[in-house]
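Trainee: Could you go through this model with me? I would like to know what stands behind each term.
Mentor: Gladly; here it is.

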Amino acid sequence: MGVLRSTQSLQAEVEEMREMLRGSAVGSNSGNGLKMQPASVKRSIGGDGIEGDERVVCVTGGISFVGFAVVNRLLEVGYTVRLALETQEDLDKLREMGMFGEMGRDGVWTVIANVMDLDSLCRAFEGCVGVFHTSAFVDPSGVSGYSKHMADLEAKAADRVIEACVRTPSVRKCVFTSSLLACVWRQSYPHDRCLPTRLDENCWSDESLCRDKKLWFALGKTMAEKAAWRAARGRDLKLVTVCPALVTGPGFRRRNSTSSIAYLKGAHEMFSEGLLATVNVEKVAEAHVAIYEAMNTTAGGRYICYDHIIQQAEEAAQLDRQLGIPYRNFSENSSDRLVWFELCNRKMSRLLSARRRRTAFSVVPVSSSRV
C-alpha cells in the first residue's frame, strides 16, 4: 500500500489478494483477483522485454489496492507486466502465496525497486515502454496513516520516478496516479456566484491552505504531481496524470483503509461544497489503461476520475463508520450550502466512451450474407 508499511498491514493485503484469487479461480468475474490471460489473447513478450516492446510495462506499488487492480487490468488485455516491489519481504510473501509462479509466468515479472533510489528504478524500468506509477507513501505510525514528512517524501519520490523514466531509453510513456485532492482545496471561494463553479483538470489545490489545515495527504498528492510535471517538462517523455476520487470497491475497507482515512480528513468541508466523491477501483484501473493506450494519439494532461458524488449526509457518515472514523455530524448545515462546486470529469468520460465504442465495434461479427 505504500513504501513504508507494517508487517501486519502487508499480511492483511496478501490475505485479501489470496481471497480475491480464490474467487476468480472458481469462475467469478466480479472479484478483483488477477485474471489469467485468456488463450485467445496474443501477447507480445519478446524475451524479457529488453527491446522495449510496446506492451511491456512496469507498475510501481503493484500490490497496493489501486496498483493491484491496474496490474489485473493490464494482464486482462494482454500486457506483460514488470511488478516493481518495494522490499524483499514483499517478494517473499508473494512467492509464498504462489501468486505468479516462476519468473515470467502469466505475463508478470517481479523486481525490487525503491522509489527513492534512482538506480534501482532505472533497472526496474529497463526494457519497458510504459510506466504506471501507482506507489504512494504510508506512515503506519501516524494517526491517519499520513504525515507532513510523508508529503515531502512523496514529492521527492515522484521526481525520482520521472527522472528514471527519462534516463531509461526504452521508456516513452508514464501514467502517474495522483488524486482528486490535488484539485479541490482552494483559497478563493466565489460566494457571490449564483451558479456552481466548475472544478476540472485545470484546478490545483493550494499548498498553503493544505498546510494550514494540516491536510497532509492532499498536500502530498499536490506536491508529488507538481514535482512530476516539473521533472517531465521539456524532456523526451509523455506524461499523463490520473486524479481519482476516494477509491472504493471490494475489500477497500481492509486493503485501503489507511489511505482512505487520510483522504477523508476535511471530508465535512468537501461534503458541504459538493466535492466528496468516490470511484470504484475497477474504473480507476480501466482509466489508467485507456489513457496509456490513447497517449500515442489524443490523451494528455490531467484526468479527473470519479463515478459518484456523495450528496446525502447518511452516506458520508456511512463511510466514516466503515473505516472506523470517530463520528462527524455531516447533517449539520448540509441543507444550507452557500457554496457549490460542480465536479467535471467530462475529459475522462469522453476518453472511456470512445474506447468502449471502439471495443464494441471491434467485436461485432461481419456478416458474409448479401442483402
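Trainee: Which elements do the buried residues of H13 pack against?
Mentor: They pack against strand E8 (246–248), helices H9 (252–255), H10 (257–263) and H11 (267–272), and strand E9 (277–280). Helices (H or I, at least four residues) and strands (E, at least two) are DSSP runs, numbered from the N terminus. This is a predicted model, where local features need pLDDT of at least 70, side-chain atom pairs count only at pLDDT 80 or more, and totals for chains, interfaces and linings use all residues. Residues are numbered from 1 along each chain as its sequence is written, and side-chain values use heavy atoms, with hydrogens and water left out.

Trainee: What makes residues of H13 "buried"?
Mentor: Buried means under 20% relative accessible area (1.4 Å probe, protein chains only). In H13 (residues 313–323), Ala 313, Ala 316, Ala 317, Leu 319, Asp 320 and Leu 323 are buried. Because they cover an arc of only 145° around the axis (taken from the directions from the helix axis to the C-beta atoms), they lie on the same side of H13.

Trainee: Why are E3 and E10 at the edges of the sheet?
Mentor: Two strands pair if DSSP finds at least two bridges between them. The open sheet has seven strands in the order E3-E2-E1-E4-E5-E7-E10, with parallel pairing. E3 (108–112) and E10 (301–305) each have a single partner strand, so one side of each is left without a neighbour in the sheet.

Trainee: How do you know that E1 and E4 pair?
Mentor: Five bridges join E1 (residues 53–60) to E4 (residues 128–133), so the requirement of at least two is met. In E4, Cys 128 is the bridge partner of Asp 53.

Notes: Buried < 20%, exposed > 50% of the residue type's maximum accessible area, 1.4 Å probe, protein only. Contact = heavy atoms within 4.5 Å.
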